[in-house]
Amino acid sequence: MRAEERRQAIRELLQQAAQPVSAGALAARFSVSRQIIVGDVALLRAAGAEITATPRGYVMQASPA
């Protein structure tokens, strides 16, 4: 999986998640290090994604319908 594909998958997963998702859980799901996930989330946020880091994991604000 390319980095762009992984970031898109992370975005979609966070949009659908009912609870916070930890960087460790994302790392395990995509078979990369936790630090790669942290970097991916930083890039997504820089591109305008409204991702918030909480003590329990990442959450994304729901898009307006």
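User: What is a salt bridge here, and which residues are linked in a network of salt bridges?

Analyst: A salt bridge is a side-chain nitrogen of Lys or Arg within 4 Å of a carboxyl oxygen of Asp or Glu. Side chains of opposite charge can pair when their charged atoms come close. In this predicted model, where residues are numbered from 1 along each chain as its sequence is written, side-chain values use heavy atoms, with hydrogens and water left out. Local features need pLDDT of at least 70 and side-chain atom pairs count only at pLDDT 80 or more, while totals for chains, interfaces and linings use all residues. The network links Arg6, Arg7 and Asp40.

User: How many salt bridges does the structure hold?

Analyst: There are three salt bridges. In one of them, Arg6 pairs with Asp40, with the closest N and O atoms 2.5 Å apart. Arg6 lies in helix H1 and Asp40 in helix H3, so this pair ties together parts that are 34 residues apart in sequence. Helices are DSSP runs of H or I with at least four residues, strands are runs of E with at least two, and both are numbered from the N terminus. H1 covers residues 3-16, and H3 covers residues 34-46.

Asp40 also forms a salt bridge with Arg7, the closest N and O atoms being 3.2 Å apart. That pair links distant parts of the chain, Asp40 in helix H3 and Arg7 in helix H1, 33 residues apart. Arg2 and Glu4 form another salt bridge, with a closest N to O distance of 3.7 Å.

User: Are these charged residues buried or exposed?

Analyst: Buried means under 20% relative accessible area, exposed means over 50%, and partly exposed is in between, using a 1.4 Å probe and protein chains only. Asp40 is buried at 3%. Arg6, at 11%, is buried, and Arg7 is buried at 19%. Arg2 and Glu4 are both exposed.

User: What joins the side chains of Asp40 and Arg6, and what else do these residues touch?

Analyst: A polar contact is a pair of N or O atoms within 3.5 Å; within protein, one must be able to donate a hydrogen and the other to accept it, and residues adjacent in sequence count only if both atoms are side-chain atoms. The side chains of Asp40 and Arg6 are joined by such a contact of 2.5 Å.

A plain contact means heavy atoms within 4.5 Å. Not counting residues up to four places away in sequence, Arg6 touches Met1, Phe30, Val32, Ile36 and Asp40. With neighbours within four places left aside, Asp40 is in contact with Arg6, Arg7 and Ile10.

User: Which residues have the most contacts inside the largest nonpolar core?

Analyst: A nonpolar core is a set of buried Ala, Val, Leu, Ile, Met, Phe, Trp, Tyr and Cys residues joined through side-chain atoms within 4.5 Å. The largest has 15 residues, and those with the most contacts inside it are Ile10, Leu14, Leu26, Ile37, Ile51 and Tyr58. H1, helix H2 (23-30), H3 and E2 each give two or more residues to this core. H2 gives the most, with four residues. Outside its neighbours within four places in sequence, Ile51 contacts Leu14, Val41, Leu44, Arg45, Tyr58, Val59 and Met60.

User: How many bridges join strand E1 to strand E2?

Analyst: Two strands pair if DSSP finds at least two bridges between them. Here four bridges join E1 (residues 51-54) to E2 (residues 57-60), and the strands run antiparallel. A hairpin connects E1 to E2 through two residues. Thr54 stands opposite Gly57 in E2.
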